Structure formats: C-alpha cells, structure tokens
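Notebook open, structure loaded. I'll start with how the helices pack and then work out to the sheet.

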Amino acid sequence: MYEDLDLSICIINGYPKSSREKFDLSDVGHPHDLYKAFLDKYVPKAKVDVVFIADIGSSIPEGANIRSYDGYIWTGSDLTIYHSDDPRVVRQIEFSRKIYEAGVPQYGSCWGIQMAAVAAGGEVKKNPKGREWNFAPEIRRTEEGKRSLLLKGKPDVYQGFVMHLDEVTRLPSGGKLLATGDHTRVQAIEVKHGKGAFWATQYHPEYNLYEMARLIAARAEPLIKEGFFETEEQVKALVAKMKALHENPGDEALRKEIGADDTLISDEIRQQELRNWIDYLVVPYKRG
C-alpha cells in the first residue's frame, strides 16, 4: 500500500453506453468501479479518472496530455476487437497505440489483453471452444511467467475469473506469453512496443465471487442458450452459492462444490497482478 503516493491513473472503460445502461438495469457492477476500488485501497491518494472511450465524441487525452497520467487501465468490453469496421473499436486501438508510443504503462484484463496484442500487431479471433465463463480452474505460469514481474508472487497454478468468447491467437513481436490454460491458451502476457509496456490478463483480478455472480445472473440467457445451464433456476442456484461463499469464504463445503480455492477467493492472491503493475511498472515510471 502507498499511503502518500500521488499517482494519476486513467481507467479506460471499453463498453459502449448501451451496455453500461444494461449493467445498471441488471444490477451488475461497472468494471471501472472494481478497478477504482482496488486503487482506493492500494494507492489511496491516487487521482483516478474514467474515460468512456467507446462513446464516439467523448474526450480522451491527446498529444502531450497522454503523459499527464502515470498509467492506463483497460477494462473489459462486449465489443469485438477484430471488427475493424466498427469505429468504437478502431478508436480504442488507435488510442492504445498512442499510449504505447508515449511510453506510459498500460494494464488490462479480458478486452485489455486483446487490446495489448492487437494494438502492437498481434491477432485475436473467436475461440473455437466457445465461451469461457465463471472462472478458469487451472491457469499455469509459463517459464517466462515464472520470471516475470507481472506474475511475481503468484503460485505456478492458480484460478481466475473469466467471461469471454474471443482469444489472443498470435502475440505481437514484442510479446511474451506468461500464463496459459486449457480452454484459452493466452491467459497473461507482457508486451513491449514503441516506448511502452502493456501487462495484461485474459482473466479478471479485479472481480470477486460476488461480482462474478452478478455478471453470471445478467448473462443467464446466453449461458442457457449455449448449453451451460438448462434452466434459469439453475443459474440462480449457482449465483446464490457464489454469493454465499463470498460472504463466508471459509465454508469448505461450498468451496468444494463450486471448485474455488484460495487463489480465487483471497484478494491478496487474486489481485497480485494489479499490485505488481503498480509496484514494478507504474511507480518506476512515475519516479523516472
């Protein structure tokens, strides 16, 4: 925790306005608020701004103003990054490239890892295995990952919250694969491009059991349609159990039933990547 560090962080929310409105109607937490909650704890004096970049015409930092921030955090999004004819997507890729060129550290989850790859010349496609949702039961550090600062302090095998249909299929030339999984091969990467670095995960360290339960409840219809559940009642039952475990993380029976371990439940373990990004990328950048 940095009690007196006056960082300036910009959180880039990648969701369009219509999707954010659905979040409110469905009682789903906004991803920028989840990141802000982490920053409020770990860097309480940080100045945090939120940019809704998918809103065409919204203001974003330009030119030298990009360097007015010490770091940029990318949230998830329900847009599709390889839809190159969508101006809401193109705008975001172009902005990430400008941040790379400015040399300001970037971090992102889900959409963020796809942004890290595509903005630097990598590739993303639809995952032929379909949706990965709830949490990945086994994410494994690669040999590069065991040496990386992003995953410093993480166990060699851990769990992570996920909700996505697409995956990184080709890393850019400056990219390193740090963690992998069975459903999605690229789970964590480091990309060096231009003057900057982008650390990213396909999974969501910013989520917890309660927030993922809310998201699953909101996505009940596609999850049933895709065959993960037969009825809405089954969705509600899982959601209730996840919320109960969030309230009582020591419930061994619920842990076993859900399949969650400390790497998913403990903030200390789950959020290690976020602390590492601040410690080893943002703070050194800030101090020059």
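I looked at the helix pair first: α6 passes α8 in a left-handed crossing. This is a predicted model, so I'm reading everything here as computed. The axes of α6 (residues 209-218) and α8 (residues 232-247) come within 8 Å and cross at roughly 165°. Anything over 145 degrees counts as roughly antiparallel, and α6 and α8 therefore go down as roughly antiparallel to each other.

Next I pulled up who touches whom. From α6, the contact uses L209, Y210, M212, A213, R214, I216 and A217. On the α8 side I found V235, V239, M242, K243, L245 and H246. Sorted by class, that contact has ten nonpolar, one polar and two charged residues.

Then the sheet. I traced nine strands in an open sheet, ordered β2-β1-β3-β4-β11-β10-β9-β6-β7, with mixed pairing. β2 (47-52) and β7 (157-164) stand at the edges with a single partner strand each, so one side of each has no neighbour in the sheet. On average, neighbouring strands here are turned by 25° against each other, direction ignored.

I zoomed in on the β2 edge: β1 (residues 8-13) pairs with β2 in the parallel sense over six bridges. I9 sits opposite V48 of β2.

Back to α6, which also packs on the sheet, touching β6 (132-141) and β7. Its direction makes about 30° with that of β7.

Last check: is α4 (residues 111-118) buried or exposed? Eight of its eight residues are buried, so the helix is largely enclosed by the rest of the structure. Among them I noted W111, I113, Q114 and M115.

Methods
Residues numbered from 1 in each chain as written. Predicted model: local features only at pLDDT ≥ 70, side-chain atom pairs only at ≥ 80, totals over all residues. Heavy atoms only, no water. Pairing = 2+ DSSP bridges. Helix = DSSP H or I, 4+ residues; strand = E, 2+ residues; numbered from the N terminus. Axes fitted to C-alpha atoms, helices over the stretch in contact; angles between N-to-C directions. Contact = heavy atoms within 4.5 Å. Buried < 20%, exposed > 50% of the residue type's maximum accessible area, 1.4 Å probe, protein only. Parallel < 35°, antiparallel > 145°, perpendicular 65-115°, else oblique. Left-handed = near helix turned anticlockwise from the far one by under 90°. Nonpolar A, V, L, I, M, F, W, Y, C, P; charged D, E, K, R; others polar.
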